[in-house]
Amino acid sequence: MLVPVIMHKSEKYRIREKKMLAATRVFFMQNFGCTRKVYNLYTDYLYNELEELGYTGGDVLPDIKLPEVTRFKKEYPYLKRADALGLCNAKQDFEDAIKHFNEDCDHKLYTKRAIRRNESGTEPLSFRGLTGMPKFHSKAQGYFSYTTNCQYPKEGNNLKRATIRLQGNTLYLPKLKDGVELIVHRKLPDNAVIGSVTISMDTDGAFYASIEYSYTVMMEMELRDAAISNNTEAIGSFRFLGLDYSQSDFYVDSEGRKANYPHCYRESEEKLARLQRELSHMVNDSSNYKKQLAKIRKLHVHIRNQRKDFIEKESTRLVSAYDVIVVEDLDLRALGQCLSLGKNLHDNGFGMFRNALARKLEQKGSVLVKIDKWYPSSKTCHCCGTKNDEVTLGVRKWVCQNCGAVLDRDENAAINIKAEGKRIFAEYFAAWLEKDQKARDKAEKLSSARKKKKAA
Ligand SMILES: [Zn+2]
């Protein structure tokens, strides 16, 4: 059964810089600068208010009414040259930062930097050094970007009069009449409705446009229906695949196959190590040093792109071949801090891979099942279910004492992960649907509240 579902997606395109007008480049740089300025003005405003109120930490931030962007525009007239929506989004980002501090941080911890500066006597501890406190955005190390929203004419659904339009390969933005040419590697769906666009500049100086859009797809609902009604017969016919994270091979699946992590990617990593070694022998801030740094930044971006390419292709391949994929809910951050495993983990981006799988499975009407991280997947024999506590991280192969099966560590784990995933699939799916519904309800509430506000 096919059911229409509204999907939200984004697509990132590189901007064809050779054809970009000098004025366009200036316009983008102005926007990057102005959004950063607005963010920093809000940070400054907040710090002043907090100082006056005598806030020292330990509690959520007092309720402070932030001034409107227009006030800053009067003070700094050059802000008027930038895209007004971009500046509003900077305010929104700042409000989100405050919300993050209030809701997710513990208001007592200081950052390592603040503690170091306190010990060296450069700056005494204050609320400015609390973890999660909104900070000034630096021009030297900052990420260059600004986001603008698409506005549609009130009457009718006239997409041609929208403020952001993608016509052929040319993207038109507010205040940018000439538009910019994109390298369109993949077309947007015909019924795509653009929500917002983020223009960014990477560390190697390349410009990108990331387009967020929504569109309607007809989705296969059999998986959902079977899961909701807990139809065990139907669930039994689904193609399940278990994946176990493997340090050397990226992953091993429940059929014993290893991911084919391309060798050329390793070569780039070796090259990076060489460049960094060379850099360490150069005089800090000399022109050779700067040249080398530019090379390294370029290679970093290249490696990241190679990795992403692998992850996207591999996840697409798996999602088209299987209905449900099961992984372990590893705490990747904790693993990353564990040195012996860490480097490889950051290198091959297993977290990114899991996200890509989840995204693509959801588009198909399925779900990525994550099983509990304490589930003893590698210690249990998949033939008879005997648990063997002697299997530690270093053991690659072992023999089951009960049934005598010879087990490859990763393959055995993947088979167990698959079985456990199959067992909890229905309940996991139900929980996921509930979460999904809650998110939808929340979004609807927000938009209706906004409409009311507009009407008032
Ligand atoms: Zn056994």
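## A sheet of four strands

Let's start with a pair of neighbouring strands: β10 (residues 324–328) and β11 run parallel and are joined by 4 bridges. One residue to look for here is Ile325, whose bridge partner in β11 is Leu368. Keep in mind as you browse that this is a predicted model.

Both strands belong to an open sheet of 4 strands, ordered β9-β8-β10-β11, with mixed pairing. At its edges are β9 (250–253) and β11 (368–371), each of which pairs on one side only. From one strand to the next, the twist averages 30°.

## Helices against the sheet

Two helices are worth finding next. Helix α8 (residues 287–321) lies across β8 (240–246), β9 and β10, and runs at about 15° to β9. Helix α11 (residues 350–363) also packs on the sheet, where it touches β8, β9, β10 and β11. The direction of α11 makes about 135° with that of β11.

## How the chain is divided

The protein chain splits into domain 1 (2–22 + 145–219), domain 2 (26–138) and domain 3 (222–453). Domain 1 is thus written as two stretches of sequence, 2–22 and 145–219.

## Where domains 1 and 2 meet

The C-alpha centres of domain 1 and domain 2 are 29 Å apart. Across the boundary, 18 residues of domain 1 are in contact with 14 residues of domain 2. About 1300 Å² is buried between domain 1 and domain 2, and carbon and sulfur atoms give 66% of that area.

Which three residues supply more than any others of the area that domain 1 buries against domain 2? They are Tyr146, Asn149 and Lys175, which together supply 41% of it.

## The nonpolar cores

The largest nonpolar core has 32 residues. Those with the most contacts inside this core are Ile15, Phe28, Leu171, Leu173, Val197, Ile199 and Ile211. Several elements supply at least two residues each, including β1 (2–15), α1 (22–53), β4 (170–173) and β6 (193–201). The largest share, 7 residues, comes from β7. This core draws at least three residues from each of domain 1 and domain 2.

Ile199 is a good place to zoom in. Leaving aside its neighbours within four places in sequence, Ile199 is in contact with residues including Ile15, Phe28, Phe32, Phe144, Tyr146 and Leu173. A second, separate core has 27 residues, among them Tyr42, Tyr45, Tyr55 and Ala82.

Terms used. Residues numbered from 1 in each chain as written. Predicted model: local features only at pLDDT ≥ 70, side-chain atom pairs only at ≥ 80, totals over all residues. Heavy atoms only, no water. Core = buried A, V, L, I, M, F, W, Y, C linked by side-chain atoms within 4.5 Å. Buried < 20%, exposed > 50% of the residue type's maximum accessible area, 1.4 Å probe, protein only. Domains from an automatic or database assignment. Contact = heavy atoms within 4.5 Å. Pairing = 2+ DSSP bridges. Axes fitted to C-alpha atoms, helices over the stretch in contact; angles between N-to-C directions. Buried area = accessible area lost by both parts, 1.4 Å probe.
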